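Visitor: Please take a close look at the surroundings of the ligand, and then at how the rest of the chain is arranged.

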Amino acid sequence: MNSTPWWKEAVIYQIYPRSFYDSNGDGEGDLPGITSHLEYVQALGVDAIWLSPFYTSPNKDGGYDVADPRDVDPRFGDLEDAKALIKRAHELNLRVLADIVPNHFSDQHEWFKAALKAGRGSPERNRFHFYDANPDGTPPNNWISLFGGPSWTQVEDGQFYLHLFDSSQPDLNWENSDVNTDFETTLRFWLDLGVDGFRIDVAHGLVKEDIGKNHPDPTGLSNALRLDIEMETEARNALLESVPYFDRQGVHEIYRRWRKIFDSYGDRDVMAVAEAWVHPPVNATRYVRADELHQVFNFDLLTAPFDGNFLFDVITRSIELNATVNALPTWALSNHDSPRVATRIGALESHALALFVFALPGSAYIFAGQELGLPDGELSDSDRQDPSFFRSHGAIKGRDGARVPLPWHGEITPFGFTTGRPWLPINQSWSAMTVEKEDSDADSVLNLYRNALALRAHHLAGSGHIEWLESHSLGAKHGELLGFKRGAVSVFMNLSHEDFVLGYEGQIIISSRGSSADFAQSRVVPARSTIWILN
Ligand code: NOJ
């Protein structure tokens, strides 16, 4: 194995296959569409791609409802297309991470169909969480689905099955050894096909405790788990302290077993990153202990306000906590489950934050379209497809806004994404944000990202720790200017609404705001922007 594995400080580009590029005019992106645009991805300067699920699926939850984890859904192509994608990515020096979904299958998976047929008490039902109704006919407990509504659905013979998400996503019973064996087969299947690792969906959810008990406050708990609901921090933390279906100790045994599989691929340097929403934050570090996974997502920046003190605290905490297990943090500003960062905190702010985190130690994740500065698409309710919208009867708008397909070229929607009708409408107002337009504009967000990643690779690779610079000593008010030094580069983010004139030696090499023609001469950190200075 190399001394510094490729993933340690990788930049990883998340592709939502349905929204990337449609090669056959059916309105949905597909694997050949990705393969044909990998040069674009490579030119961004990233090290790897993570593909959200493309497996056989009825697609009730964007493919996170898997009916056959070892095959490709026809809407995305076939296994040959997957092989071609991996081959082309490797030719371009891009690693490939697949998304593995071990908490649940789709109700269209043959196991679930067999479980329905086999009836109560059968080994087939034991692969899921089937329970009898309470004597009064109610479900086995009062848990609420993360997509709204009860976590239980009743089948014809009266039994209920557990689903933390949609009713079409029955949870798997990880106490049943068939489940473990099947997932190990799936891991090896994709590794043998050439993938370089995995993003693990709901990594904290596989093991459940106290299924036989009611939760004292199921509504409070379900609100506490939702990012779009405001709640007193103390009340939220108290509810999240112990969730009977999240972050149970048993999950770590599973990842220890998986780690042995990954390591058996030797110098392939296979890696896995956990999606683990856990509380308190220190618990996330357990997933990246030396004998478990390689990375765990840090979701702080998906919800953080553009506030200097807040950002300082969460960044410091993430670096320090990861250091306790000898791991490096991960930074993600957007993904397919959350509002796009430009919509959430503003366009200028999102570019500033991106340039800031690209200089931090650890891995940076970019959600496709973020590099164009895309906001959420504006959708009407009749466009929406997210199950959380339907299960909550419209109370939760859902995640479709972040999943609107990418605009590639031309003046008129759907901007080359498809020759057909895109599965979600692409707003005409995105005409200035196509890849084609941004490619030819030296000051576009796309070129900011390309330049930043090139400078990161050149100046920051292996640079180690950061040293925070006191805002007072720079003449700024606390929280208005964040600065740190890392290796040969000093980075300053101005969070205030005023330009800031910096008394600091060195040459500005990139700025998230202002024309590339003039920042090199200047000492100014414009309002709501980040600059890098070469010392
Ligand atoms: C997390 C995935 O990112 C999300 O898109 C999905 O709905 C849930 N897990 C359930 O698989």
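Guide: The ligand site comes before the cores, one helix, some backbone features and a few single residues.

The model is predicted. Its protein chain has a mean pLDDT of 95, with 99% of the residues at 70 or more. Confidence can also be given by element: helix α1 (residues 31-35) has the highest mean pLDDT, 99, and helix α16 (residues 516-519) has the lowest, 67.

Which residues come nearest to the ligand? Among the 13 residues around the ligand, they are Asp61, Asp201, His336, Asp337 and Arg399. Sorted by class, the shell consists of seven charged, four nonpolar and two polar residues.

Individual distances can be given for some side chains. Asp201 has a side-chain N or O atom 2.7 Å from an oxygen atom of the ligand. For Arg399, a polar side-chain atom is found 2.9 Å from a ligand oxygen atom. Arg199 also places a polar side-chain atom by an oxygen atom of the ligand, at 3.0 Å. How much of the ligand's accessible area does the protein cover? On its own the ligand has 290 Å² of accessible area, and the protein covers 98% of that.

Next, the nonpolar cores. The largest of them has 142 residues. Within this core, Tyr13, Phe20 and Trp532 are the residues with the most contacts. Helix α15, which spans residues 445-460, contributes the most to the core, with eight residues. Another core lies apart from the largest one and has 16 residues. Leu164, Leu239, Leu240 and Phe246 are among the members of this other core.

One helix can be described residue by residue. Helix α12 runs over residues 347-357 and is mostly covered, since nine of its 11 residues fall under the cut-off of 20% relative accessible area and are buried. Which residues of α12 are buried? They are Glu349, Ser350, His351, Ala352, Leu353, Ala354, Leu355, Phe356 and Val357.

The backbone has some features in its loops. In the loop between β10 (271-274) and β11 (295-296), the peptide bond from His279 to Pro280 is cis, with an omega near -10 degrees. Pro280 belongs to that loop, as does Leu293. Leu293 is buried because its relative accessible area, 2%, is under the 20% limit. From Leu293 to Glu110 the C-alpha distance is 29 Å, with their positions 183 residues apart in sequence.

Another cis peptide bond joins Thr413 to Pro414, and here omega is near 10 degrees. Pro414 sits in the loop between α13 (387-391) and α14 (435-439). Phe415 is in the loop between these two helices as well. Phi of Phe415 is positive, near 50 degrees, and the residue is not a glycine. Is Phe415 buried or exposed? Phe415 has a relative accessible area of 0%, so it counts as buried.

A positive phi, about 55 degrees, is also found at Asp269, again in a residue that is not a glycine. Asp269 is placed in the loop between α8 (250-263) and β10. With a relative accessible area of 3%, Asp269 is therefore buried.

Two leucines in helices complete the picture. Leu311 is part of helix α10, residues 308-323. Its relative accessible area is 0%, so Leu311 is buried. Leu301 is 10 residues away from Leu311 in sequence, and their C-alpha atoms are 8.0 Å apart. Leu38 belongs to helix α2, residues 38-44. Leu38 is likewise buried, because its relative accessible area is 0%. The C-alpha atoms of Leu38 and Leu94 are separated by 8.7 Å, while the two residues are 56 residues apart along the chain.

To return to the ligand: the protein covers 98% of its accessible area, and the shell around the ligand includes seven charged residues. Asp201 and Arg399 are among the residues that come nearest; Asp201 has its polar atom 2.7 Å from a ligand oxygen, and Arg399 has its own at 2.9 Å.

Key:
Residues numbered from 1 in each chain as written. Predicted model: local features only at pLDDT ≥ 70, side-chain atom pairs only at ≥ 80, totals over all residues. Heavy atoms only, no water. Near = heavy atom within 4 Å. Polar contact = N/O pair within 3.5 Å; in protein donor to acceptor, adjacent residues only side chain to side chain. Areas by Shrake-Rupley, 256 points an atom, 1.4 Å probe, with all protein chains shown as cover. Nonpolar A, V, L, I, M, F, W, Y, C, P; charged D, E, K, R; others polar. Core = buried A, V, L, I, M, F, W, Y, C linked by side-chain atoms within 4.5 Å. Buried < 20%, exposed > 50% of the residue type's maximum accessible area, 1.4 Å probe, protein only. Helix = DSSP H or I, 4+ residues; strand = E, 2+ residues; numbered from the N terminus. pLDDT = per-residue confidence, 0-100.
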